[in-house]
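Here's a quick tour of a protein model, with a look at one histidine, the cysteines and the empty space inside. Have the structure open while you read.

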Amino acid sequence: MRTFMDADFLLESETAKKLYHETAENLPIYDFHNHLSPKEIYEDKNYSDIVTAWLGGDHYKYRVMRANGVPEELVTGKGDPKKKFLAWADTVQNCFGNPLYHWTHLELQRYFDIHETLTPESAEGIYEKCNSLLQKPEFSVRNLLKRMNVKVLCTTDDPADDLCYHKKLAEEEKDFHVYPTFRPEKAMGIGKEGFNDYLAKLEEVSGVSCKTVSGILEALEKRLDYFVSVGCRVTDHSLEEAFYLPATEEEVDQILKARAEGKIPSEADGAKYRGYLLTHLGKLYAKRGLVMQLHIGAIRNNSSRLFKALGPDVGLDSENDFNYAPQLSGLLDSMDQTSELPKTILYYLNSKDTDMLATMAGNFQSNDQGIRGKVQLGAAWWFQDHKYGMEHQMNALANVGLLSTFVGMLTDSRSFLSFSRHEYFRRILCNLVGNAVERGEYPMDLPYLKKMIQGICAENARTYFNF
């Protein structure tokens, strides 16, 4: 019987072990999508305790704690930190089969050198040890990143942000880079409350009137150029409803005018507005060599009771099941027709969309710049970033495309203790490849296999994003 989470954790064959320990294990991390705070990175603070560092803002943990019957006071409330930790420890013991069980223990091992399993019985001692270590200078936010060999991380930022902390970090931090990500989600949200107020804010920061769609695009382009001047390499869009129907500028202006007067657009009108904006933004991205990320398929804030009490991003989101292949094809084609499709990453939240997106990506790979994997099937994301989900995504990509061009994993996290998820992914990748070799499905060509592993874990992302 194997020892729990030993050096060969998740590595089932000798080839898998060789690929991981000789290639993947010590590669740098390029984390191109997360929700970390640039302010906290700049301030380089030490967390006061492990509960703040571990449970603060982590909606993955909130969901399983609620499922374990933990009262909200000890989940997102103002309960005693030690009681919260004990409740989390009890929940962890009940997380059989959930990736949180592995992530929790990887974080204890890699950050705190704690190899004891977290249980209600061990919780108090682990709580005290983590709290003690977190007070040391080597456990400040920046040192936590350096401990995991993070070289680049891309935060998620609104076009109206001033990016002051990114600029300050660029001046003084030399061991890693923090780049902004351009995410114009509020400008896209024509049907959401506060849309008109947001346009007023965009007008203020850009100095451009946003009464028409051409004005909105001009304002966003000005902000995009500012983001690029601060190091932006990547953009991000969350697509959660109908997002593309062909439309003229005149049609979209009429939709905007009606919205300014308080009329909520129909589904079709919303799709026309979003599709028009996405098409033109994509062309702006292509011109600047930026990557466009499309995260597709969340249905958010499902519990109106908790949303009213707690707000967004507290574990109330899940997978949507709408079908969008014709819309996505139309959107990508609207840019590709004029060779203005940017490098694009397609992420699915619902696993039913895996093969559709893998084959859709293959339609738009053609380019004269020699870009490998110009349109990517994105890493297993959110509810898919477990062992089965990662294997499913990589097998789907390998089945109909080129796994070797894959830009690899990201954390999509709000936690500075989440970077061991890259290790989790790398072990699963090496196991998948190593086992295929040992089944005789690919030759034992170690020089090539190691090069491929290095590419997927680090080098492909470095090249693709121009890091």
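His 105 touches Phe 4, Met 5, Val 92, Glu 116, Thr 117 and Leu 118, leaving aside residues up to four places away in sequence. Keep in mind that this is a predicted model. His 105 sits in helix α6, which covers residues 99-112. Is His 105 buried or exposed? With a relative accessibility of 2%, His 105 counts as buried.

On to the cysteines. How many disulfides does the structure hold? The count is 0. Take Cys 210: its closest cysteine sulfur belongs to Cys 232 and lies 19 Å away, so the gap is too far for a bond. Cys 210 is also buried, at 3% relative accessibility. Cys 430 is in no disulfide either, and the nearest cysteine sulfur to it, in Cys 457, is 5.7 Å away. A disulfide needs the two sulfurs within 2.5 Å, so that pair doesn't make the cut-off. Cys 430 is buried too, with a relative accessible area of 0%.

Now for the empty space. Rolling a probe the size of a water molecule over the atoms shows where space is left empty. Here that gives 3 cavities of 30 Å³ or more. Two of them are set out below.

| Cavity | Volume | Nonpolar lining | Polar lining | Charged lining |
|---|---|---|---|---|
| Largest | about 150 Å³ | 4 residues | 3 residues | 7 residues |
| Second largest | about 50 Å³ | 1 residue | 4 residues | 4 residues |

What lines the largest cavity? There are 14 lining residues, and those nearest the centre are Met 188, Ser 238, Glu 240, Glu 241 and Arg 274. Two elements give two or more residues each to this lining: α10 (185-188) and β5 (234-239). Strand β5 has the largest share, with 4 residues. By class, 7 of the residues lining the largest cavity are charged, next to 4 nonpolar and 3 polar ones.

The second largest cavity holds about 50 Å³ of space. Its lining draws on Gly 57, Asp 58, His 59 and Tyr 60, together with Asp 412, Ser 413, Arg 414, Ser 415 and Arg 421. By class, that lining has 4 polar and 4 charged residues, plus 1 nonpolar residue.

Methods
Residues numbered from 1 in each chain as written. Predicted model: local features only at pLDDT ≥ 70, side-chain atom pairs only at ≥ 80, totals over all residues. Heavy atoms only, no water. Buried < 20%, exposed > 50% of the residue type's maximum accessible area, 1.4 Å probe, protein only. Contact = heavy atoms within 4.5 Å. 1 Å grid on protein atoms, 1.4 Å probe; cavity = no way out; pocket = protein on both sides within 12 Å on 5 of 7 lines; lining within 4 Å. Points joined across faces, edges and corners; volume = space filled by probe spheres on them. Nonpolar A, V, L, I, M, F, W, Y, C, P; charged D, E, K, R; others polar.
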